[in-house]
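Visitor: I would like a careful look at how the strands of this chain pair with one another, and at what lies around those pairings. Could you take me through that part in detail?

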Amino acid sequence: MPHLVTSHQGEDHVESYNDRHYNAGHIGNDSYAFKGRGNFACSMVDSNTLRIMSGDAQCCGAHWSIDSDYEEYTIETGTPGYKRTDLVVAHIETAPQETMDIRVLKGEETTGTPVTPSYIEGDLNAGDTVVEMPLCSVELNGINPGQPNMLLDFLVPYKEFCDSLSQKMEIACEDVIVTVNPVTNINKTTGQPNPVVLPFRKVTASNFLGRQMLKAWPRTTWTPAGGSQPIVTMSVGSGGFVYNQAVFVSNHSQLYEIYVRAWYLPNK
């Protein structure tokens with residue numbers, strides 16, 4: 001039955017899956033880390049100790065975090081002459097209880113190229129009850145571990161995204177004016193309106209984004225003899241779209257000054 005999640009109903013009615021569905025719907029159902037605090041920075045503080053700094057993340061809409069300054073986990077000592085890759089994951093379960101912990105999945109030792117261990121790629125919003133989210137991997141060459149290889153995909157904060165977008169996509173506009181009588185500007189052979197050239201100087205076919213008629217100003221009067229207000233519309237026309245051409249239609253025959261604005265990418 002329908003459920004108003006954001007409501008007071010006098011009893012407990014909001015479940016964790018409501019939050020998961022909401023998060024997955026507007027952020028995404030994959031695994032993401034959020035920028036802030038310690039950003040889950042990983043480091044080997046000695047040959048057996050992996051330190052993971054604080055941070056927040058989401059997996060299948062489930063929000064989890066390391067609230068303390070950092071947590072430490074054990075990387076088992078390697079074997080001289082052998083290589084190994086361990087994978088560190090966030091392990092999340094929703095049944096029989098909702099739990100989450102960080103686990104080190106030990107890889108197989110080899111004298112060749114080590115293989116990263118597999119992990120559980122579940123979907124908590126599709127009926128799975130277990131999922132694992134990779135955080136980092138640690139490669140061991142003999143008894144010596146290397147520095148962790150971060151595997152997190154960080155979401156870009158909204159403001160940072162907007163700033164980046166505005167820098168990459170600076171948008172400018174150019175206004176032009178054309179004078180035309182739409183009623184008499186007709187092709188006598190086809191009976192269709194003749195295209196009017198829009199005299200853009202900066203807008204080109206390659207940098208054009210869009211256009212809009214801002215207003216149409218009649219050269220004589222606003223009120224025709226019949227009393228109705230004059231109407232002017234701009235469209236593409238039967239010949240198809242051309243960035244610097246448009247056709248105009250009106251219900252009243254007179255000259256109009258028509259103002260058109262176009263948006264374009266100035267650096268393209």
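Guide: The bridge partner of Val 196 is Ala 246, which belongs to S15. The model is a predicted one, in which local features need pLDDT of at least 70 and side-chain atom pairs count only at pLDDT 80 or more, while totals for chains, interfaces and linings use all residues. Numbering starts from 1 along each chain as its sequence is written, and side-chain values rest on heavy atoms, with hydrogens and water left out.

Strand S15 (residues 245–250) is joined to S12 by two bridges in the antiparallel sense; strands here are DSSP runs of E with at least two residues, numbered from the N terminus, and two of them pair if DSSP finds at least two bridges between them. The open sheet that results has three strands in the order S12-S15-S14, with antiparallel pairing. Its edges are strand S12 (196–197) and strand S14 (232–235), each of which pairs on one side only.

Another set of pairings centres on strand S5 (residues 83–93), where nine of the 11 residues are buried, that is, under 20% relative accessible area with a 1.4 Å probe and protein chains only, against over 50% for exposed and the range in between for partly exposed. S5 runs antiparallel to strand S7 (residues 130–141), with 11 bridges between them, and Glu 93 has Val 130 of S7 as its bridge partner. S5 also pairs with strand S6 (residues 99–105), again in the antiparallel sense, over seven bridges, and here Val 89 stands opposite Arg 103. The connection from S5 to S6 is a hairpin through five residues. Pro 96 lies in that loop, and the peptide bond between Ala 95 and Pro 96 is cis, with omega about 0°.

S5 and S7 also belong to the story of the largest nonpolar core, since they are among the elements that give it two or more residues, together with strand S2 (42–46), strand S3 (49–59) and strand S4 (62–74). A nonpolar core is a set of buried Ala, Val, Leu, Ile, Met, Phe, Trp, Tyr and Cys residues joined through side-chain atoms within 4.5 Å. This one has 26 residues, of which Phe 40, Leu 50, Ile 52, Trp 64, Ile 102 and Leu 135 touch the most other members, and its largest share, six residues, comes from S7. Leu 135 is in contact (heavy atoms within 4.5 Å) with residues including Ile 52, Trp 64, Val 88, Val 89, Ala 90 and Ile 102, when residues up to four places away in sequence are not counted. A second core of 18 residues is separate from it and includes Phe 200, Phe 208, Val 260 and Ala 246, the last being the bridge partner of Val 196.

The loop between S1 and S2 brings in Phe 40, which counts as buried because its relative accessibility is 1%. Its neighbour Asn 39 is found in the loop between strand S1 (31–34) and S2 as well, yet Asn 39 counts as partly exposed because its relative accessibility is 31%. Phe 40 has a positive phi of about 55° although it is not a glycine, and for Asn 39, likewise not a glycine, phi is positive at about 55°. Most residues other than glycine have a negative phi, and most peptide bonds are trans.

Notes:
Helix = DSSP H or I, 4+ residues; strand = E, 2+ residues; numbered from the N terminus.
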